[in-house]
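Q: Could we go through this structure together, starting with the metal sites?
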Amino acid sequence: MSFENLWRDQSAIGRDAETGGYTRGGWTPTEREATTWFLDQCATRGLAVESDGIGNLIAWWGSPDRPGVVTGSHLDSVIDGGAFDGPLGVVSALAAVDLLRAEGFTPSVPLGVGAFVEEEGSRFGMPCLGSRVAAGVLSADKALALTDRQGVTLAAALEAAGTDPAGVGPSPLLERMGTFVELHVEQGRGLTPPVGVASSIWPHGRYRFTFEGEANHAGTTLMEDRHDPMLTYAMTALAANKQARLAGARATFGRLSIEPNGTNAVPSRVIAWLDARAADTATLESLLAAITRQAVERAERDGTTVAVVPESVSPIVDFPAGLRDRLVGVLDGAPVLPTGAGHDAGVFSAAGIPTAMLFVRNPTGISHSPAEFAEEDDCLAGVEALAAVLKDLAQ
Ligand code: GLV
Ligand code: MN
Ligand code: MN
């Protein structure tokens with residue numbers, strides 16, 4: 001099937017009619033529908049699908065009796081995200097298989113199309129949840145105890161989806177991944193031609209800041225008598241922005257939980273999640289230290305407290321230069337660029353699997369938003385580039 005038809009076929013799954021954005025958290029009905037769509041496409045192509053304990057999938061062209069070349073990405077999304085982040089890599093992988101078959105190409109090693117679960121961590125808060133568990137960098141116990149915003153554990157969500165939590169753990173699929181190539185929409189404005197190759201992924205982390213104060217009446221409590229954790233949080237958010245600018249890094253508070261969350265009460269507690277990223281580990285660490293120091297100083301002035309807990313930290317990933325240069329050679333000197341976005345490719349690379357990434361141009365640089373966009377011609381160039389790379393690696 002052509003890329004255009006494949007793309008259209010899945011484009012309504014999880015799309016909000018009002019915003020045009022996509023919400024497909026791990027193991028939710030919309031994400032399951034996307035997964036069913038993927039399984040149907042694999043069946044249509046006669047690709048045998050293997051699943052691991054947490055539900056990562058690889059569909060094989062050729063018997064996976066020895067390490068193969070795997071491509072693919074994820075089908076889940078952030079809350080109200082774009083159409084391309086994730087699905088573009090899965091749909092392009094299927095389209096590249098179709099293209100290679102139409103050319104009469106037969107891979108000399110098994111060729112796999114992968115879809116990895118809960119890459120965004122939008123439901124359980126842990127980015128690259130499926131690949132982390134598969135690679136053994138997140139234990140089954142810790143993963144299964146993660147909860148979503150309704151307090152549902154991953155273990156319960158898996159059971160509800162018909163998956164036995166006892167099977168969750170390091171994945172046998174990794175042994176079959178001789179090489180991994182993930183195609184992804186570029187998420188900044190760093191790419192001028194339609195297709196590029198990744199050099200590295202910035203180190204990044206998610207940190208939970210809990211600000212505690214004293215609930216009180218909004219009308220009767222004198223301003224000087226308050227212990228308002230919202231103020232401590234607000235100053236911390238400003239400090240994070242300033243410190244990230246000074247360091248050439250990124251810091252974002254994009255999620256808040258406020259108690260009791262009433263208009264006419266000084267809050268008792270504000271929980272705020274910081275997403276921080278930088279080009280190198282030292283900068284990331286000193287950025288977090290500077291933000292934490294300012295939060296603590298402000299808490300002293302406000303008569304509040306602050307506690308900081310890292311929920312996930314992802315080290316820098318430098319993709320192997322040999323494989324990267326091989327892709328650049330196949331693609332006639334495509335540009336090489338780093339990214340501040342996280343990917344399963346980073347987890348697999350850190351686990352020792354030779355890994356590379358292809359990026360498709362994003363004209364506005366907008367991502368994690370309904371406005372995320374890539375031109376159809378650029379997506380087609382991405383499919384051709386991916387097919388050329390797979391052909392080279394699996395000939
Ligand atoms: C995932 O896209 C991330 O970078 O958070
Ligand atoms: Mn994303
Ligand atoms: Mn992604």
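A: We should begin with a term: donors are N, O and S atoms within 2.8 Å of the metal (3.2 Å for Na, K and Ca), and sites may look incomplete because water is not among the atoms. Please note that this is a predicted model, in which local features need pLDDT of at least 70 and side-chain atom pairs count only at pLDDT 80 or more, while totals for chains, interfaces and linings use all residues. Residues are numbered from 1 along each chain as its sequence is written, chains are lettered from A and ligands numbered from 1 in the order in which they are written, and side-chain values use heavy atoms, without hydrogens and water.

Q: Which protein donors does the manganese ion (ligand 2) have?
A: They are Asp 85 (OD), Glu 120 (OE), Glu 120 (OE) and His 368 (NE2), at 2.0 to 2.6 Å from the ion. Along the chain, the donors of this manganese ion (ligand 2) have the spacing D-x34-E-x247-H.

Q: Where do Asp 85 and His 368 lie?
A: Asp 85 is in the loop between β3 (68-73) and α3 (87-102), and His 368 is in the loop between β15 (355-360) and α12 (376-393), so the pair ties together parts that are 283 residues apart in sequence. Helices (H or I, at least four residues) and strands (E, at least two) are DSSP runs, numbered from the N terminus.

Q: And what coordinates the manganese ion (ligand 3)?
A: His 74 (NE2), Asp 85 (OD) and His 184 (NE2) do, at 2.0 to 2.2 Å. Their spacing along the chain is H-x10-D-x98-H. Asp 85 coordinates both manganese ions, ligand 3 and ligand 2, which are 3.7 Å apart.

Q: Is Asp 85 buried or exposed?
A: Asp 85 is buried, with a relative accessible area of 5%. Buried means under 20% relative accessible area, exposed means over 50%, and partly exposed is in between (1.4 Å probe, protein chains only). His 74 is also buried, at 0%, whereas His 368 is partly exposed, at 40%.

Q: Changing topic, which residues are buried in helix α10?
A: In α10 (residues 321-330), Leu 323, Leu 327 and Val 328 are buried. Seen down the helix axis, the buried residues of α10 fall within an arc of 140 degrees (taken from the directions from the helix axis to the C-beta atoms), so they line one face of the helix. Gly 322 and Gly 329, on the other side of α10, are exposed.

Q: What do those buried residues of α10 pack against?
A: They pack against β5 (177-185), β6 (195-201), β14 (336-339), β15 and α12. Contact here means heavy atoms within 4.5 Å.

Q: What follows α10?
A: Asp 332 follows α10, and its phi is positive, near 55 degrees.

Q: How do the axes of α1 and α3 cross?
A: The axes of α1 (residues 3-10) and α3 come within 9 Å and cross at roughly 140 degrees. Axes are lines fitted to C-alpha atoms, for helices over the stretch in contact, with angles from 0 to 180 degrees between N-to-C directions. Residues making the contact include Phe 3, Leu 6 and Trp 7 of α1, and Leu 88 and Val 91 of α3.
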